[in-house]
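Student: Please take me slowly through one part of this model, the metal site, and how the parts around it are put together. Before that, pick one loop residue as a point of orientation.

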Amino acid sequence: MLILGIETSCDETAVAVVKDGRDILSNIIATQYEVHSQYGGIVPELASRRHMENLPVVVAEALKTAGLTVAEIDLFAVTRGPGLLGALLVGLSAAKGMAWALRKPLVPVHHIHGHILAAGFTQELAWPFLCLVASGGHTSLYRVESPARISEISSTRDDAAGEAFDKVAKMLGLGFPGGPAVEKEAEKGNPASFDFPVPQVRGDKLAFSFSGLKTAVRNAINDSTAKADVAASFQRAAVTAMVSKTIAAAEQLYLPFIVLAGGVACNGELRKRMKEAADKKGMRVVWPEPVLCTDNGAMIAAAGYYLFRDNPDNPAFAEFKMLDAEANLPL
Ligand code: KG4
Ligand code: ZN
């Protein structure tokens, strides 16, 4: 089965062609860094407009790279949310139009569902597993029973991890997007320079919180602080929070196979420290390659494939009926 996956929830216009949920035939991503970087963050209206310009080109490129025509696609998958409404609508409209014109099924996908399956492209996953999704909009732990059966264990009470990286980068004047910039700066710094608090949520050991850490960083910055030391100390505290909660959840739920997902899973320090902690407990941890950690169409195609495979008669997958039937979908 050939699936075309479309992702336009934020600032990446991304389209992929995937065979049977596993083989990536093409994975094209048009970023918008240059549009938003001058504003220090994503401007929703500009993102929608750029998706309008980019999407037809990216769809054509994805089909060309896969060596296919659109008529050969068996199923269309598209991010239904969460995300910027205007940006989502661009992808949804295009997917609806193609599915309707070709009389093919259209599967609306939760953005996080895609992230959770991304590591499966490059390695075998052991089910059920524990997944940490850390992105610009989410930081949550999930129990993943099968490719289409997922339940949330805990989540952030305020900011997402990636959002904290982005805000710290902004405070330090390191540019946008902030995650990779903070990681690079941190390499030159001493992580023990500042004793930033490792965020905890009273009464819920597995929940995340990053707003207090962000405030602590803001209060520590003055004219004489070294940016690299702040970046390294912040990264240490944020990574410690993610590692300790993930390992605690894996122990508590007897899920010794851990999958990292989302843009923050690109972070070398997070990967290294999660692996060290997992090794100590005899657990395994895997992550997607960087291009599949951040937003992409392949992960949406994979999630769409499994949702359809498990429930092909779901009325949500018939053209034009998807929005009123989405209550039947997991997540
Ligand atoms: O998954 P993603 O592409 O989009 C969302 O669904 O939000 O994640 C983007 C987030 C941004 O906040 C970005 O700063 C962060 O992932 N990120 C990183 C790194 N690379 C991307 N955070 C920390 N270290 C990185 N190397
Ligand atoms: Zn994402």
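Tutor: Ala 226 can serve for orientation, and it counts as partly exposed because its relative accessibility is 38% (buried means under 20% relative accessible area, exposed over 50%, and partly exposed in between, with a 1.4 Å probe and protein chains only). This is a predicted model, in which local features need pLDDT of at least 70 and side-chain atom pairs count only at pLDDT 80 or more, whereas totals for chains, interfaces and linings use all residues. Residues are numbered from 1 along each chain as its sequence is written, chains are lettered from A and ligands numbered from 1 in the order in which they are written, and side-chain values use heavy atoms, with hydrogens and water left out.

Ala 226 sits in the loop that runs from helix H7 (211–220) to helix H8 (227–252); helices (H or I, at least four residues) and strands (E, at least two) are DSSP runs numbered from the N terminus. Between Ala 226 and Leu 117 there are 39 Å in space, C-alpha to C-alpha, and 109 residues in sequence.

Now to the metal. The zinc ion (ligand 2) is held by His 111 through NE2, His 115 through NE2 and Asp 295 through OD, at 2.0 to 2.1 Å, where donors are N, O and S atoms within 2.8 Å of the metal (3.2 Å for Na, K and Ca), and sites may look incomplete because water is not among the atoms. The site of the zinc ion (ligand 2) is tetrahedral, its four donor atoms making angles of 97 to 135°; four donors count as tetrahedral if all angles lie between 85 and 135 degrees. For comparison, the ideal angle for four tetrahedral donors is 109.5 degrees.

Along the chain, the donor residues of the zinc ion (ligand 2) follow the spacing H-x3-H-x179-D. Distant parts of the chain are thus linked by His 111, in helix H4 (residues 111–117), and Asp 295, in the loop between helix H10 (290–293) and helix H11 (297–310), which are 184 residues apart. His 111 counts as buried because its relative accessibility is 6%, and Asp 295 counts as buried because its value is 12%.

The domain assignment places residues 2–116 + 294–321 in domain 1 and residues 124–287 in domain 2, the bounds coming from an automatic or database domain assignment. Although the C-alpha centres of domain 1 and domain 2 lie 27 Å apart, 18 residues of domain 1 are in contact with 18 residues of domain 2 (contact means heavy atoms within 4.5 Å). About 1400 Å² is buried between domain 1 and domain 2, and carbon and sulfur atoms give 73% of that area; buried area is the accessible area (1.4 Å probe) that two parts lose on being put together, summed over both. Of the area that domain 1 buries against domain 2, Ile 112, His 115 and Ile 116 supply 38%, more than any other three residues. His 115 therefore appears twice in this account, among those three residues and as a ligand of the zinc ion (ligand 2).

The count between domain 1 and domain 2 is one salt bridge, that is, a side-chain nitrogen of Lys or Arg within 4 Å of a carboxyl oxygen of Asp or Glu. Arg 22 forms a salt bridge with Glu 124, their closest N and O atoms being 3.4 Å apart.

Key:
Four donors count as tetrahedral if all angles lie between 85 and 135 degrees; four count as square planar and six as octahedral if opposite donors are over 155 degrees apart and all others between 65 and 115; anything else is irregular.
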